[in-house]
Amino acid sequence: MNKIPDNLKYTESHEWVRIEENGTITIGITDHAQEELGDLVYVELPKIGQQLNLDEVVGVVESVKAAEDLYSPLAGEVIDFNAELEDAPELLNNDPYGSGWLFKLKLAENSHLENLLGADEYAKFIAKDK
Amino acid sequence: MGKRTPLYNKHLVQKAKMVDFGGWDMPLHYGSQMNEHHQVRRDAGVFDVSHMTIIDLTGQRVREFLRYLLANDVERLKKTGKALYSCMLNDQGGVLDDLIVYFQDEHQFRMVVNAATRDKDIAWITKQAKPFAVQVRERDDFAMLAVQGSQVRKKLEPLLPANLSASVMALAPFYATWHDDEFFIARTGYTGEEGFEIILPAQDAPNWWDALLAAGIAPIGLGARDTLRLEAGMNLYGADMDENYSPLESGLAWTVAFKPADRVFIGRSALETQRNRGNHSILVGLVLPVKGILRGHQTVSFEGGGVGQITSGTFSPTLGGSIAFARLPAGEYKQVTVTIRNKPLLAKVVTPPFVRHGKTCISFLTDN
């Protein structure tokens, strides 16, 4: 059974979103996504200062067997990315909601936060997907 | 629902992630493709390869038939049990399939062909066999296991049937031994490691599987099978070659026996024309000295214009970087450019294998 923490928001492209106390946003891929992909070996992330549009392809995560595009679930400016993943992409498998986070955003005015799924909705979505 | 091997339920017990492969429900991995890859290089693993097609060919003229059917020459098989890797070609010299054929006796040869090409192969072989009065019998009553890995000999030995144990341990590479239809074992494989392939009655397979696992030979999925074979520099049918390309264009010229010159085989005249004309495409190995993953279908470009394509690419768990096969126009290459998501990256051209018997055979560093 995949972990789907209640305190996070989710997308149908299997990203998770955490709204931090200071209003910034942290983004990663879900436990379900890392399990489907298998052993991750390469990650390409957006750069600090990059302006991301909603649903834009902003990077890639690659496992031994496949490459998956990474979408920005929200619009905003990149304020940080997880540089550790360059040499340790396995963090995405081992700790997808913790040390395997991908990048942080400062939200744009119209960030489309309301489009995200709650934990229950995401759980239903992946159950249907199977 | 796809076809199931006799070990389907065993895969579920091992919590395999099952995928469709050529119409079969097969295990992709049992948790971690990467760990399974290392398990074979460093220790020992077992693959269920029962989806592969086993064909017994029998008749007075079976050797003569195979000398006509295959691009490699079974005349090379003099000793009982000797195996030969070959392509089977169409009249245009395109590769219908790649296979292994075993010489059992003058009236019986056993052949193992790919799963995804089964129907096409059986139809072709049956048609070609008619004039030679050779019987073609698919052995779907068998299962097939590949046990591979640096430590496999000592783990397998105690499990072998008493009447075959000594002869199995004495097998030279690319030889097989057997006892009737009960047990057929060959020192062959698709990983670049020491290992054996075992053909046995389907109903015996589950008990064998349990015994192998109990002996510390871990289950390995098709995912690791692919990274192991690519590291070992072995082609995958349907990716690195198919009916549109000849063995000469697929890095398999070494499997074509042009001598003796008077042996007629299917595709020979097309291959000779191609060889004499030269200027045909070639298959090369690539390594990527920077981060990124080479994948099939990525475009390859090089100085002087022209393009090629990656046929198989992956992350190499043993080397910790990306490796690939690419088909390029005739020429000599030191490095090429692979464009990954609009980013041009330099890749070094190398001669496979990349890894054999756990040892690295190539360098990721560029030579200047």
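Reader: Which residues point one way from β9(B), and which the other way?
Author: First, the ground rules: this is a predicted model in which local features need pLDDT of at least 70 and side-chain atom pairs count only at pLDDT 80 or more, while totals for chains, interfaces and linings use all residues, and side-chain values use heavy atoms, with hydrogens and water left out. Residues are numbered from 1 along each chain as its sequence is written, while chains are lettered from A and ligands numbered from 1 in the order in which they are written. In a regular strand the side chains alternate between the two faces of the sheet. In β9(B), B:F142, B:M144, B:A146 and B:Q148 point one way, and the other way point B:A143, B:L145 and B:V147.

Reader: OK, and how many residues of β9(B) are buried?
Author: Strands here are DSSP runs of E, at least two residues long, helices are runs of H or I, at least four long, and both are numbered from the N terminus. Buried means under 20% relative accessible area, exposed over 50% and partly exposed in between, with a 1.4 Å probe and protein chains only. Residues on both sides of β9(B) are buried. The strand, residues 142-148, is largely enclosed by the rest of the structure, because the buried count is 7 of the 7 residues.

Reader: Over how many bridges does β9(B) pair with β12(B)?
Author: Two strands pair if DSSP finds at least two bridges between them. With β3(B), residues 45-48, β9(B) runs antiparallel over 4 bridges, and B:V46 stands opposite B:V147 there. In the pairing with β12(B), B:M144 stands opposite B:I199. That pairing, with residues 195-201, is antiparallel too, and it runs over 7 bridges.

Reader: On to the helices. How are α2(B) and α8(B) set: parallel, perpendicular or oblique?
Author: Axes are lines fitted to C-alpha atoms, for helices over the stretch in contact, and angles run from 0 to 180 degrees between N-to-C directions. Helix α2(B), residues 33-42, and helix α8(B), residues 222-231, pack at about 50 degrees with axes 8 Å apart. Angles under 35 degrees count as roughly parallel, over 145 as roughly antiparallel, 65 to 115 as roughly perpendicular and the rest as oblique. So α2(B) against α8(B) comes out as oblique.

Reader: How do the residues of that contact divide into nonpolar, polar and charged?
Author: Contact means heavy atoms within 4.5 Å. From α2(B) come B:Q33, B:E36, B:H37, B:V40 and B:R41, and from α8(B) come B:G223, B:A224, B:T227, B:L228 and B:E231. Ala, Val, Leu, Ile, Met, Phe, Trp, Tyr, Cys and Pro count as nonpolar, Asp, Glu, Lys and Arg as charged, and the others, Gly among them, as polar. The contact of α2(B) with α8(B) divides into 3 nonpolar, 4 polar and 3 charged.

Reader: How many residues of α2(B) are buried?
Author: The buried ones are B:Q33, B:M34, B:E36, B:H37, B:H38, B:V40 and B:R41. The helix is largely enclosed by the rest of the structure, because the buried count is 7 of the 10 residues.

Reader: And α3(B) with α4(B): is the crossing left-handed or right-handed?
Author: Helix α3(B), residues 62-69, packs on helix α4(B), residues 118-129, at about 120 degrees with axes 10 Å apart, and that makes the pair oblique. B:F65, B:Y68 and B:L69 meet B:W124, B:I125, B:Q128 and B:A129, a contact of 6 nonpolar, 1 polar and no charged residues. A crossing is left-handed if the near helix is turned anticlockwise from the far one by less than a right angle, and right-handed if clockwise. For α3(B) and α4(B) the crossing is right-handed.

Reader: Over in chain A, which strands stand at the edges of the 6-stranded sheet?
Author: The sheet is open, with antiparallel pairing and the order β1-β2-β3-β9-β8-β5. Each edge strand has a single partner, so one side of it is left without a neighbour in the sheet; in chain A these strands are β1 (9-10) and β5 (51-52).

Reader: In β9(A), which residue is the bridge partner of A:I27?
Author: β3(A) and β9(A), residues 103-107, run antiparallel and are joined by 3 bridges. A:T26 stands opposite A:K104. For A:I27, the bridge partner is A:F103.

Reader: How far apart are the C-alpha atoms of A:I25 and A:F103?
Author: A:I25 lies in β3(A), residues 25-29, and counts as buried because its relative accessibility is 0%. Its contacts beyond four places in sequence include A:V17, A:L74 and A:F103. A:I25 and A:F103 are 78 residues apart along the chain, yet their C-alpha atoms are separated by 8.5 Å.
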